[in-house]
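Here is a short guided walk to read alongside the structure. Keep the viewer open and follow each stop in turn.

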Amino acid sequence: MTINDVSMQRRLRLIERGAGPTIRREGKDLLNFASNDYLGLATDPRVVEAAAQAGARFGTGATASSLVVGYTTLHEALAERIASLVGAEAAIITPTGFAANMAAVSALVMREDLIFADALNHASLVDGCQMSGARTRYYRHRDTDRLATLLSRADRARRRFIVSDSVFSMDGTIAPVQRMIELADRHGATVVIDEAHATGVLGANGGGVCEGLMTGEPSRLVHVGTLSKALGSQGGFIAAVRETIDRVVSGARPFLYSTALAPPAAGAALASLTIVQQEPQRRKRLHEHVTHLRTGLMDQGWTVIGDAGAPLMAVLLGDPARAVDAALRLERSGICVPAIRPPTVKPGACRLRVSPMATHTTEQIAQALAAFAEIADLQPPGGMQ
Ligand SMILES: Cc1ncc(COP(=O)(O)O)c(C=O)c1O
């Protein structure tokens with residue numbers, strides 16, 4: 001399979017209007033099941049207004065790196081809110097979630113340390129591990145028995161780190177974080193968890209999968225996340241004990257050598273956090289839509305993966321041509337879902353990634369299900385494992 005295969009080619013598709021549950025793309029109105037704006041906050045008037053006010057006060061851009069003149073009182077207020085939401089001592093705001101993962105792993109892990117990483121980790125964690133220069137052992141997706149074995153064989157390494165997404169972005173699966181923290185406690189390891197698809201969506205207060213989980217030594221857990229998904233803004237964060245945050249501030253290249261997050265994005269994220277805390281019904285509605293979609297698709301005979309609580313699911317199709325065909329036919333019926341192909345997933349594991357939003361109506365979910373029913377002839381023969 002090469003980049004010359006038509007089913008492997010990509011091109012930019014231009015959005016002409018909207019970022020909410022409906023968008024206009026290349027002249028066609030579509031129901032949007034492709035967004036990470038799970039709670040519908042990117043277009044919420046209160047969030048848009050907060051961004052405008054932040055821009056009026058601090059400017060449209062941060063104008064410099066955080067350590068020069070880029071880090072404002074707005075960034076600091078946001079960091080404090082994030083730290084309190086996830087239950088960490090301190091936090092720092094980064095220009096993107098990608099930079100947050102790169103910065104957290106590369107600043108904490110030294111060449112002589114050992115990393116244990118889930119095989120399906122996001123590219124930014126993979127790159128962070130590589131940047132650290134430490135040896136990285138990948139374990140099968142969510143296989144904590146294997147992780148336990150690897151840890152027990154590595155007791156002589158200088159330090160041990162377990163690095164994982166909490167919600168896996170292309171599968172909708174959730175890492176067994178509680179067990180990972182227990183293992184870290186037993187083996188004196190540190191867990192770095194990327195909550196990109198969990199912040200705002202999971203946890204009693206929207207603090208992510210790790211919210212309230214850390215009862216042991218707080219330095220064992222580093223929360224990383226993004227402001228660009230359920231918070232409807234842009235940027236990333238790292239939350240941990242103060243000493244860890246200080247290390248990032250003085251030593252993480254993706255943090256040091258990049259312009260700080262634009263103030264309007266920081267202002268927007270702050271407003272979103274207030275809404276996340278005050279309107280838990282948004283999370284409830286999102287989870288209802290996810291359940292409705294998942295059970296509807298499974299009833300139609302699709303192979304659907306994704307755990308309860310995750311804001312997204314994957315419909316497995318197998319080869320790339322089938323996935324691309326399915327996405328195109330759904331688009332003709334007015335439904336926008338992306339076909340996910342290599343290198344993002346393994347060849348033969350191509351899929352549609354389906355993500356509803358809290359702001360979809362029940363009728364719109366039903367419309368998506370009806371469109372899937374029309375393409376049932378594309379279901380892989382014999383299903384998929
Ligand atoms: C699991 C995961 N981590 C990190 C990121 C990067 O976040 P950002 O888009 O804010 O750079 C993404 C986004 O694509 C993601 O899916």
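## Helices on a four-stranded antiparallel sheet

In this predicted model, helix H11 lies across E11, strand E12 (313-318) and E15, and its direction is at about 25 degrees to E12. A second helix, H12, lies across E12, E14 and E15, running at about 30 degrees to E15.

The strands beneath these helices belong to an open sheet of four strands, ordered E11-E12-E15-E14, with antiparallel pairing. Each of E11 and E14 has a single partner strand and stands at an edge, so one side of each is left without a neighbour in the sheet. At the E14 end, E14 and E15 run antiparallel and are joined by two bridges. If you would like a residue to click on, Ile340 has Arg351 in E15 as its bridge partner.

The loop between strand E14 (339-340) and strand E15 (350-354) is also worth a stop, since Pro343 is found there. The peptide bond from Pro342 to Pro343 is cis, with omega near 10 degrees.

## A second open sheet, and H12 again

Which strands make up the open sheet with mixed pairing? There are four, in the order E1-E2-E3-E13. Strand E1 (15-17) and strand E13 (335-336) are the edge strands, each pairing on one side only. Helix H12 (residues 320-332) packs on this sheet too, touching E2, E3 and E13, and its direction makes about 115 degrees with that of E3.

Within the sheet, strand E2 (residues 22-25) and strand E3 (residues 28-32) run antiparallel and are joined by four bridges. One pairing to look for is Thr22 with its bridge partner Leu31 in E3. Between E2 and E3 is a loop that holds Glu26. This residue is not a glycine, yet its phi is positive, near 45 degrees. Glu26 is partly exposed, with a relative accessible area of 34%.

## Another positive phi

Thr63 also has a positive phi, about 70 degrees, although it is not a glycine. You can find Thr63 in the loop between helix H1 (45-58) and helix H2 (66-70). Is Thr63 buried or exposed? Thr63 has a relative accessible area of 66%, and exposed means over 50%, so it counts as exposed.

## Two enclosed strands

Now turn to strand E10 (residues 236-240). Five of its five residues are buried, so E10 is largely enclosed by the rest of the structure. Gly236, Ile238 and Ala240 point one way from the strand, while Phe237 and Ala239 point the other way, and all are buried.

Strand E4 (residues 90-94) pairs with E10 in the antiparallel sense over five bridges. Two of the pairings help with orientation: Ala240 in E10 is the bridge partner of Ala90, and Gly236 in E10 stands opposite Thr94. For E4, too, five of the five residues are buried, so this strand is largely enclosed by the rest of the structure. From E4, Ala90, Ile92 and Thr94 point one way and Ala91 and Ile93 the other, and all are buried.

E10 has an antiparallel pairing with strand E9 (residues 221-226) as well, over four bridges. Here Val224 stands opposite Ile238 in E10.

## A crossing of two helices

Helix H4 (residues 97-108) and helix H8 (residues 242-251) pack with their axes 9 Å apart, at an angle of about 100 degrees. H4 and H8 are therefore roughly perpendicular to each other. At the contact, Ala103, Ala107 and Leu108 in H4 meet Thr244, Arg247 and Val248 in H8. By class, this contact of H4 with H8 has four nonpolar, one polar and one charged residues.

## The aromatic pair

How many aromatic pairs does a search of the whole structure find? The search finds one. Trp302 and Phe372 form this pair with edge-to-face geometry, 5.6 Å centre to centre and 80 degrees between the planes.

Trp302 lies in the loop between helix H11 (280-299) and strand E11 (304-305), and Phe372 in helix H13 (residues 362-374), so the pair ties together parts that are 70 residues apart in sequence. Both Trp302 and Phe372 are buried.

Methods. Residues numbered from 1 in each chain as written. Predicted model: local features only at pLDDT ≥ 70, side-chain atom pairs only at ≥ 80, totals over all residues. Heavy atoms only, no water. Buried < 20%, exposed > 50% of the residue type's maximum accessible area, 1.4 Å probe, protein only. Pairing = 2+ DSSP bridges. Axes fitted to C-alpha atoms, helices over the stretch in contact; angles between N-to-C directions. Parallel < 35°, antiparallel > 145°, perpendicular 65-115°, else oblique. Contact = heavy atoms within 4.5 Å. Nonpolar A, V, L, I, M, F, W, Y, C, P; charged D, E, K, R; others polar. Phe/Tyr/Trp six-rings, centres within 6.5 Å; stacked < 30°, edge-to-face > 60°.
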